[in-house]
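Open the model in your viewer and keep the sequence panel beside it. The stops below go from the whole chain to a cavity and then to one loop.

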Amino acid sequence: MSETQTLYAAFTGHLNTALDALEKAGTLPSGLNRSAITVEPPRDPAHGDLSTNAAMVLAKPAGMNPRALADLLVAELDKLPQVTSAEIAGPGFINLRIAASAWLDELRAFAALGADYGRSTMGGGSTVNIEYVSANPTGPMHMGHCRGAVVGDALATLLEFAGHKVIREYYVNDAGGQVDVLARSVYLRYRQKIEGFGVSKLEYLQDQLPGGFYPGEYLIPVANALVKEFGDRFVLAPEADWLALFRTRAVAAMLVMIRDDLALLGIEHDLFSSEAELQAAGKPAEAEAWLRSHDLVYDGVLEAPKGKTLEDWEPVELPLFRSTKFGDDQDRPIRKSDGNWTYFGADLAYHFQKAASADALVDIWGADHAGTVKRIKAAVAAMTGAKGKETPFEVKLVQMVQLLRDGEPVKMSKRSGNFVTLADVVREVGKDVVRFTMLTRKPEAQMDFDFAKVVEASKDNPVFYVQYAHARICSTLRKAAAEGFSPSANALELLGEEEIELIKLAAQFPRLVEAAAQAREPHRVAFFLHDLAAAFHAYWNLGNDKPEKRFIVAQNSNLTGARLYFASQIGQLLRNGLALLGVEAVEEM
């Protein structure tokens, strides 16, 4: 193994060399698909260090018995100097035990590759468009948006580390009725500033507004800017004279606020795509025409909704997308009866546009949008497939987060103006706490965010637990330096079984990165970091009762140097993983 090749990659190479030799000898037919072959730790560590399913995967297409093929592969793999034993298990799995020297070489690879340890070329430079957050531009970011923002951003970083090009995109829903409500809400604040009326009249006027009212005080600066620019010009003007202007100014101000809020979490998007601009450019109409030309949209009448009688419901002919052709339970309208686009119709055109500049699409949506997943995936499959190559498209659903303070839920309502902003939470507990906490559970699982627990200095708090492992390492290195010791790779053979076991765990990071990227699951990195931190803390605790197990053994500088080298490389792995999550690896706590 070269000093910059990781152990799992090296053994995958050795396995492929053995298979190539069998093909050359005519024992195996050439051209067999090897994509399902894995090299990974066995489920039971007692079975060895590495396991491969190669014989199980290739035996059937090769017309061979799996154990017979495994025998041939074992004969080749057993020749490798790093392999101390190669055995066949069950119907044809191959288990390998690896010499300690190979794991020490992997420790050197941690150091040689540094921040690049775990980086992969798996993505091959293909472009993935990740759309995340995409909150309506009607106010500041609140904690309801936070989890999807963190999941999307961490996924983007993970995919880049795994060899993809990534477009981070935010879809601005600035064409729907909610932005008209926003504009009218700003208008009331504008009138309030001009006329100087109080809360009672504001409440009276807001009750007259169609669609509701956003009462948050965050709209007052927008109104003040309009007063400064236009004076009282619009106080008595009809809505048609000011609605578009107020809408444009309000959305622009909200987007500035949203960008600032996201920046507090370390999140920046590459692209903000406007729904209003998409519609103004005629993209939904283009998509409809294209779909009609491919018999994917037709004019039809929907069945009456369940529970509706003929007296309650009037059938209307609408343009319908043939989503039943792609597994949906009914065809879906892309326009409303008034001619305006449905949300689905506009979304369909937007995804068609995204697919033109990306090899794959990923959307991060709130779980409340689960009902629309099937139809939009059907539309993307239809539109891109009909063009010759279907664009892979995944929707990751993220459950809401329940905020708890003193054990009681914190209620959020943007309409009432009473909600906890993302900025408030980040300022209270810190960016790193928010980001890591959002990735400590699978995104489809419910999550409680307890203000007390997320800052608790205990092993029950995964954020603290992982950062404390890194801080401990840094503290140890500082203490050692003060006593005249430094990390050294000169005597790594002095490291024992405990260190080797921790290296084995850390060495899984490159394959973890690839698996997490393929599954689009950045939370796997957080889980790995917690496991690595737990193993490190357990190793550290050995020295509490046994002085000879401590990092600094004053009477043995060679052993001390080796253990410090080992500790510094575990620290590097923790930094690499935390960087993927956008979390700082703190040096002291």
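Of the 589 residues in the protein chain, 51% are buried. The model is a predicted one. Colour the chain by secondary structure to find 20 helices and 15 strands. Along the principal axes, the C-alpha atoms occupy a box of roughly 85 × 65 × 40 Å.

Stay with the whole chain and turn on contacts. Among contacts with a separation of 6 or more, 72% join residues 24 or more positions apart. Next, show the surface: the accessible area is about 27000 Å², and carbon and sulfur atoms account for 49% of that area. Then colour by charge. The chain carries 61 positive and 76 negative charges, and the mean positions of the two sets lie 0 Å apart.

**The cavity**

How many cavities of 30 Å³ or more does the structure hold? There is 1, with about 70 Å³ of space inside. To display its lining, select Phe11, Leu15, Val39, Leu50, Ser51, Thr52, Leu77, Ile94 and Leu96. The elements that contribute two or more residues to this lining are α1 (7-24), β2 (50-52) and β4 (93-98). Which of the elements gives the largest share? Select β2, which supplies 3 residues.

**The loop between α8 and α9**

Move on to the stretch between α8 (220-230) and α9 (239-264), and select Asp232, which sits in this loop. Is Asp232 buried or exposed? Asp232 is exposed because its relative accessible area is 53%, and the cut-off for exposed is over 50%. Now list the contacts of Asp232, setting aside neighbours within four places in sequence: these are Tyr190 and Ile194. For a distance across the model, pick the C-alpha atoms of Asp232 and Trp341; 35 Å separates them, with the two positions 109 residues apart along the chain.

Select Leu236 next, in the loop between α8 and α9. With a relative accessible area of 82%, Leu236 is exposed. Finish by drawing a line from Leu236 to Leu262. How far apart in space are Leu236 and Leu262, C-alpha to C-alpha? The distance is 37 Å, for a pair 26 residues apart in sequence.

How values were computed
Residues numbered from 1 in each chain as written. Predicted model: local features only at pLDDT ≥ 70, side-chain atom pairs only at ≥ 80, totals over all residues. Heavy atoms only, no water. Helix = DSSP H or I, 4+ residues; strand = E, 2+ residues; numbered from the N terminus. Buried < 20%, exposed > 50% of the residue type's maximum accessible area, 1.4 Å probe, protein only. Contact = heavy atoms within 4.5 Å. Areas by Shrake-Rupley, 256 points an atom, 1.4 Å probe, with all protein chains shown as cover. Lys, Arg positive; Asp, Glu negative; His and termini not counted. Charge placed at Lys NZ, Arg CZ, Asp CG, Glu CD. 1 Å grid on protein atoms, 1.4 Å probe; cavity = no way out; pocket = protein on both sides within 12 Å on 5 of 7 lines; lining within 4 Å. Points joined across faces, edges and corners; volume = space filled by probe spheres on them.
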